[in-house]
Amino acid sequence: MTRFFDDLETRSDDQRAAALAEALPRQIARAQALAGYGDSLAGFDADQIASVADLARLPVLRKSDLGKAQANASPFGGLTTRPASGFAHIFQSPGPIYEPGGTEHDWWRMGRFLHACGIGLGDIVQNCFGYHLTPAGMIFESGARAVGAAVLPAGTGQTELQARAAADVGVTAYAGTPDYLKVILDKADAMGLSLGITKAAVGGGALFPSLRQEYKDRGIDCLQCYATADLGNIAYESAAMEGMIVDEHVIVEIVTPGTGDPVAPGQVGEVVVTTLNPDYPLIRFATGDLSAILPGISPCGRTNTRIKGWMGRADQTTKIKGMFVRPEQVASLVAKHPEIVKARVIAGRDGEMDTMTVQIEANGGSIDAFGKSVVEVLKLKGKIEVLTPGSLPNDGKVIEDQRTYD
């Protein structure tokens, strides 16, 4: 029988929608009061933004926007409701981009995932996420604290010492990237050490089925989450291992890459997240990752929306014939013609020359008109292929680079 982290995980659709209708307008109002958003949210009535569908009216906030805002107002770009000195931690990610961190109960919302992994009272977690500048180590430590587990703050490196410590202190659970656990296990084997790790909570990299099975063969149940330094936990696996369940304090949308336009249910698109964290209200934050919504609810009994997990990167910007072609340009091409359902730009090679093919799913329309718009929007000429709707793969790609440089 599934033991849930709290009652939020099993709410009905109506209960979750009612709670969101109260929380979301408050969060929009908080963001509107912050200098970092400038005029981007001005003119919107916060009380009228009360559902996931309503969010589609608001602009998307991108990682590049954070960098620009922070250049003008260090360190958090005027996007937090507390001053920098009001947070427990300040982190730095590549860019550099600075993120705040709190030590209030489960501030990063990682406890829900660790609970789903079966980690709790009586466990000792070897936390192999980094503690230096970047927040991953503290994100998982705060989650362990939320479920009552002790932490060995191991970070990365010094594998022999890590294997020895895991054996000496009786570590029962691992937190870190998917592949580093194998490094520790193999080192322990080489040293003749017997480890008691039976649970693993991983993130920050791909968990390949073969690696998960290897851990399973060693008696270790391994589940993964989807989290970022800006947002904390977004979604997580449960023991059912059917997609990832969206956290109860974020809102996930799937949009066409380069736009803020929601895709049809089940279609692959870019993950856009709105957090309900009152200290750092990120509204429609584009992660740059691809995923899709799964229908129904998890067999484990958790009722929130599920996503398929990480399916690639949404930023498919490619240089063709010396010109950058961006996902938002492809979106503009689609918007110019009501007949167009979907489009994809394919970069190829013919000898030593770049080629560009634009595949267009359309209900009618003129190929000559489409070609003219391609030149206007993409600033390049290319071959136009008109396809019947549904012909293009459901993989979230709007720009595909088929060139090889062998």
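Strands here are DSSP runs of E at least two residues long, and helices are runs of H or I of at least four, both numbered from the N terminus. You're looking at a predicted model, where local features need pLDDT of at least 70 and side-chain atom pairs count only at pLDDT 80 or more, while totals for chains, interfaces and linings use all residues. Residues are numbered from 1 along each chain as its sequence is written, and side-chain values use heavy atoms, leaving out hydrogens and water.

**Stop one: a pocket.** Select strand 7 (221-228), which gives the lining of the second largest pocket its largest share, five residues. A pocket is an open set of points on a 1 Å grid over the protein atoms alone, where a 1.4 Å probe fits, with protein on both sides within 12 Å along at least five of seven lines; lining residues have an atom within 4 Å of a point. Now add helix 5 (136-147) and strand 12 (285-291), which also give two or more residues each. Zoom in on G203, G204, G205, Y226 and A227: of the 35 lining residues, these lie nearest the centre.

**Stop two: the largest nonpolar core.** That's a set of buried Ala, Val, Leu, Ile, Met, Phe, Trp, Tyr and Cys residues joined through side-chain atoms within 4.5 Å, buried being under 20% relative accessible area with a 1.4 Å probe, protein chains only. Pick Y37 and V252, which touch the most other members among its 35 residues. Then show helix 1 (13-32), the source of the largest share, five residues.

**Last stop: around V252.** Beyond neighbours within four places in sequence, V252 is in contact with I234, V246, V271, V272, V273 and I307, contact meaning heavy atoms within 4.5 Å.

Terms used: Buried means under 20% relative accessible area, exposed over 50%, partly exposed in between (1.4 Å probe, protein chains only).
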